[in-house]
Amino acid sequence: MSHWRAMLAGLAIAMPGPAAAQQLGGGGGVGFSIWRVLAALLVSLVAALGLAMALRARSKGGSFSRPQWLSALAPVGRIKVIESRRIAGQAELTLVRCDGTEFLVLTCAGTATVVERNVLTEIVPDEAQT
């Protein structure tokens, strides 16, 4: 066994691998523009912030709404969602206004049912409810 160890040790010493290493620091300049990197970083940050705002608005129970200046460009529709609440895993109650009439709609797993028409949407103070 010691004969093999001596032979492996001699072979490791005789290998010229470490002596053939190149010297570091002799390279040229960087092959990309720093302005392109900064522009890509800026675009990524804007996209991440936009996505974070959309997810935050969605997690609060609402939907992502357009900024005011973009809403002015959109055509005015007849249907408006007033409020929407999830009441079960696949069930959602939605208050919708269309041409001045309000509807309470229950949507469940591929079906939609009008629960009530002309729903009162005025806010009632807490004292009046008791």
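This report describes the fold, surface, strands and cysteines of a predicted protein model.

## Overall fold

The protein contains 4 helices and 4 strands. Along the sequence, these elements come in the order α-α-α-β-β-β-β-α. Three helix symbols therefore stand before the run of strands, and one helix symbol closes the pattern.

Of the 130 residues in the protein, 9% are buried. A residue counts as buried when its relative accessible area is under 20%. Among contacts with a separation of 6 or more, those between residues 24 or more positions apart account for 4%.

## Surface

The exposed area of the protein is about 11800 Å². Carbon and sulfur atoms supply 63% of that area.

One nonpolar patch on the surface is formed by Phe 32, Ile 34, Trp 35, Val 37, Leu 38, Leu 41 and Leu 45. Together these residues have about 770 Å² of accessible area. One of them, Ile 34, belongs to helix H2, which covers residues 34–59.

## Strands S1 and S2

Strand S1 covers residues 79–86, and strand S2 covers residues 91–98. The two strands pair in the antiparallel sense, over 7 bridges. Within this pairing, Lys 80 is placed opposite Arg 97 in S2. The connection from S1 to S2 is a hairpin of 4 residues.

## Thr 101 in strand S3

Strand S3 covers residues 101–108, and Thr 101 is part of this strand. Is Thr 101 buried or exposed? The relative accessible area of Thr 101 is 18%. The cut-off for buried is under 20%, so Thr 101 counts as buried.

Leaving aside residues up to four places away in sequence, Thr 101 touches Val 96, Arg 117 and Asn 118.

## Cysteines and disulfides

A disulfide is a covalent bond that links the sulfur atoms of two cysteines. How many disulfides does a search of the whole structure find? The search finds 0.

Two cysteines can be described by their accessibility. Cys 98 has a relative accessibility of 18%, so Cys 98 counts as buried. Cys 108 has a relative accessibility of 27%, and therefore counts as partly exposed. The class called partly exposed lies between the buried cut-off, under 20%, and the exposed cut-off, over 50%.

How values were computed
Residues are numbered from 1 along each chain as its sequence is written. This is a predicted model: local features need pLDDT of at least 70, side-chain atom pairs count only at pLDDT 80 or more; totals for chains, interfaces and linings use all residues. Side-chain values use heavy atoms; hydrogens and water are left out. Buried means under 20% relative accessible area, exposed over 50%, partly exposed in between (1.4 Å probe, protein chains only). Contact means heavy atoms within 4.5 Å. Accessible areas come from the Shrake-Rupley method with a 1.4 Å probe; for residues, only the protein chains shown count as cover. Patches are made of residues with over 30% relative accessible area and no salt bridge: like charges are joined within 9 Å, nonpolar side chains (Val, Leu, Ile, Met, Phe, Trp, Tyr) within 5 Å. A salt bridge is a side-chain nitrogen of Lys or Arg within 4 Å of a carboxyl oxygen of Asp or Glu. A disulfide is a pair of cysteine sulfur atoms within 2.5 Å. Two strands pair if DSSP finds at least two bridges between them.
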